[in-house]
Amino acid sequence: GRRAGLSEPGVDSTGAGDTFNSSFLYATLHGYCLEDCAKFANAAAARSVTRMGPRGGAAKEADVLAAMKEFYR
């Protein structure tokens, strides 16, 4: 079933919207279907709020996919 979030607590929402938007664009440009673009971007933004600062969302694709897998298990 689906979970409602990541296991780590949120600490800073700075940059979460930018992370969502840039991750959605990244997924779109890399051929993800629309649903997976949204899931990828949502997981990236959720992951980003577990780190401090506006650059907390900077992550490799593999890190976001791992967060996506945890978020949507």
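This is a short tour of a predicted protein model, from the whole chain down to three residues.

Before selecting anything, note that residues are numbered from 1 along each chain as its sequence is written. Local features need pLDDT of at least 70 and side-chain atom pairs count only at pLDDT 80 or more, while totals for chains, interfaces and linings use all residues, and side-chain values use heavy atoms, with hydrogens and water left out.

**Whole chain**

Show the protein chain as a cartoon. Three helices and zero strands appear, in the order α-α-α from the N terminus. Helices are DSSP runs of H or I with at least four residues, strands are E runs of at least two, and both are numbered from the N terminus. The radius of gyration is 11 Å, close to the 11 Å from the globule rule for 73 residues, so the chain is as compact as a globular protein of that length. That radius is taken over C-alpha atoms, and the rule is 2.2 Å times the number of residues to the power 0.38. Along its principal axes, the C-alpha trace spans about 30 × 30 × 15 Å.

Colour by burial next. Of the 73 residues, 37% count as buried. Buried means under 20% relative accessible area, exposed over 50%, and partly exposed in between (1.4 Å probe, protein chains only).

**Stop one: Ser-23**

Select Ser-23 in helix α1, residues 16-29. Ser-23 has 10% relative accessibility and therefore counts as buried. What does Ser-23 contact, leaving aside its neighbours within four places in sequence? Look for Phe-40, Ala-41 and Ala-44. A contact means heavy atoms within 4.5 Å.

**Stop two: Thr-50**

Move to the loop between α2 (34-48) and α3 (61-71), where Thr-50 is found. Is Thr-50 buried or exposed? Thr-50 is buried, with a relative accessible area of 12%. Show side chains here: that of Thr-50 makes a polar contact with that of Arg-51, at 2.3 Å. A polar contact is a pair of N or O atoms within 3.5 Å; within protein, one must be able to donate a hydrogen and the other to accept it, and residues adjacent in sequence count only if both atoms are side-chain atoms. Now add Ser-7. Ser-7 and Thr-50 are 43 residues apart in sequence and 9.5 Å apart in space, C-alpha to C-alpha.

**Stop three: Phe-71**

Finish in helix α3 with Phe-71. Phe-71 is buried, at 11% relative accessible area. Select Ala-46 as well. The two C-alpha atoms are separated by 8.5 Å, with Phe-71 and Ala-46 25 residues apart along the chain.
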